[in-house]
Number of protein chains: 2
Amino acid sequence: MTDTGKKKATIYDLSVLSGSSPSTVSAVLNGSWRKRRIKEATATLIQGLAVDHGYTANLQARGLRSSRSGLVGLLLPVYDNRYFSSMAQSFEAEVRSRGQCPVVVSACRDPEEERQVVETLISYSIDELFIAGATDPDGVHDVCEKAGLRHVNIDLPGTKAPSVISDNYGGARMLTQAIIERALADGPVPPEEIYLFGGRDDHASRERIRGFRDVKRAMLGGDPDACIRPTGYSPGMTARAFEAFYADHGKLPRGFFVNSSINLEGLMRFLAQHPHETFADIVVGCYDYDPFGSFLPFPVFMIRQDSEAMITKGFEILGTSRAPAVTHLVPPMLVPPRTALTGPLDALKDIE
Amino acid sequence: MTDTGKKKATIYDLSVLSGSSPSTVSAVLNGSWRKRRIKEATATLIQGLAVDHGYTANLQARGLRSSRSGLVGLLLPVYDNRYFSSMAQSFEAEVRSRGQCPVVVSACRDPEEERQVVETLISYSIDELFIAGATDPDGVHDVCEKAGLRHVNIDLPGTKAPSVISDNYGGARMLTQAIIERALADGPVPPEEIYLFGGRDDHASRERIRGFRDVKRAMLGGDPDACIRPTGYSPGMTARAFEAFYADHGKLPRGFFVNSSINLEGLMRFLAQHPHETFADIVVGCYDYDPFGSFLPFPVFMIRQDSEAMITKGFEILGTSRAPAVTHLVPPMLVPPRTALTGPLDALKDIE
DNA sequence: CTTTTTTGCACAATCGATGGTGCAATGAAT
DNA sequence: ATTCATTGCACCATCGATTGTGCAAAAAAG
């Protein structure tokens, strides 16, 4: 309130006001004053002035000088689904609790964009980077490496940096088994009635497909590759795959595994085009959890990936210097139909 | 590739390599070289060197000098729901297309946190700020004002800065009417069968409640205030409100208006505790769109708020200097049950 | 062949904070 | 009273880019 001017106070302003030198002011305000043997009285005086004048450090200047910024980056493919937005939420909380500033950016699954965005972050001297769901983790790694930026892959692994990912194979096995068991409860199920839709040629998709195939073969036999439809990640393409199946068979498969919640949106688009009653007897599994997806008018098993644990593990890895480029698996959780899990939002205010 | 070293090249490195002065290099690399009458040949030479050595400007240094950063901030209450994550997605795209760098941060609906986060952003000299869904927009305004930071409110209006918000009253009217008409299709509806759940004492909630009340009174009569349950925004509290109603009446209301998708999660928590069949005949309206919420096993009307238009309008306002602190309404859209809208994700790669 | 104009660039101050170094004043030890 | 150690702080170079200013050399005008 004492400060009526438009410009922000700097250490030089406080230096004049306090009669101390700028370096003394700096030391007091960044906490290194004990080490610099500043008198307690001097420190108190300056701190008081700082409060009065609403001083806040210019973090660009600090960053320039110290070539660190206090920023921690999270590179996301997209915001607009529950898995990644929930990850962003956990990330924010974790970074804040460490007294740093989270910066979340998305790169739209475009390898070139990924590298550019990271270049930009590096230009701001970010201290650490979480690379989540990158299309080209190793490409991003090279960029980080050159700048000496510590980084870790989340969700999709790279070969050149440590990675923390969901146990896609294990999760896919659980999910496939749940789908098939549920379908079997109503009578025999021929193998050609169990499908997988979505995903593309990335590590996660491959592992999920492998898990699906192994469990399906073990439980039902049949040609394991016949019923797999990798459509990419777009809802539009996924919907087309459902339409194609429907055109051929006059119905959807008895049970199917959907690679992600984004692909599950493709199912919604398909459903919007067809009367509801036709599909009362399908069993769906989705490798992602969404609280509304869990309550659709047919059984939907979901896999809830533990993004919070991944973030925590990521920080742990970044904490250990010279971490080897190994991949850590985080077990996901099978969520039965009609389940409302709590999420990071529940940690917020407004609860009482 | 030519650059094998660990440290990033600076204009001084290029200055030595090219035999020009640092200021010339700077001018060439930031595009102001024509204005500074640098020879085309010199420019080409330096640009070539820059590419060879993988030069990228240190944006902290640039920001320090020019007291602008190229950063545009978006302050969000939370990431973890479709409305805000979709807003973040649109925001990213828009900011990128303007050659700036988006920074998205969340403040968890905590007024103190909001101000602190904005202080931090200001310390990085961000150029513009979008304040979305702030609990205390005017408090944030004061902080921005003091720093001379251009800003605009989105979603929840303030009194001291221009605001762009959803037409909550109009949207609530549409939604309420849709709920009641749908309920009436199956027979008469007493006014005490139509409720509103969720929201708290903010502008959006008040307007929505007003719209609900006006339409309900006009269509059904009855005491307009008896059936309103403002539970705050948490899923947990919303679920409790449903439980309380259920304990009293042995069922849910025939039709009800849910204030937001976060509140709708509270309904899921309630449903998880009760057998599905009991609620086959409810009609729900939700002030927010969620692609999975639209396909729940009962009719769900939704309001899709046009976050993209709000962002665009926000930029337009920030573009006009000295914009007055007026509130702009963006009309939302009523989405009938079982509708799968396309979103920002559809603009991505991977479509073909 | 001068004088004027234009071209092309170098110089140096500056943004705000940091941290190594040096030095006066004070107190303790001899 | 002299020497030495400690305390408390000021000085200054530095981080990398931007930008106003000034001044040669080249080109145009006379």
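A polar contact is a pair of N or O atoms within 3.5 Å; within protein, one must be able to donate a hydrogen and the other to accept it, and residues adjacent in sequence count only if both atoms are side-chain atoms. The model is predicted, so local features need pLDDT of at least 70 and side-chain atom pairs pLDDT 80 or more, whereas totals for chains, interfaces and linings use all residues. Residues are numbered from 1 along each chain as its sequence is written, chains are lettered from A and ligands numbered from 1 in the order in which they are written, and side-chain values use heavy atoms, without hydrogens and water.

**Exercise 1.** Determine which part of DNA strand D each of Ser21(A), Ser23(A) and Arg36(B) approaches.

*Solution.*
Step 1. For Ser21(A), a backbone N or O atom lies 2.7 Å from a phosphate oxygen of the strand.
Step 2. For Ser23(A), a side-chain N or O atom is 2.7 Å from a base nitrogen.
Step 3. For Arg36(B), a polar side-chain atom is likewise placed 2.7 Å from a base nitrogen.

**Exercise 2.** Describe the residues around DNA strand D.

*Solution.*
Step 1. A residue is near the strand if one of its heavy atoms lies within 4 Å of it.
Step 2. There are 26 such residues, and Lys39(A), Thr42(A), Ile11(B), Arg62(B) and Arg65(B) come nearest.
Step 3. Of the strand's atoms that come within 4 Å of the protein, 45% belong to sugar and phosphate.
Step 4. The surface residues comprise seven nonpolar (Ala, Val, Leu, Ile, Met, Phe, Trp, Tyr, Cys and Pro), seven charged (Asp, Glu, Lys and Arg) and twelve polar (the others, Gly among them).
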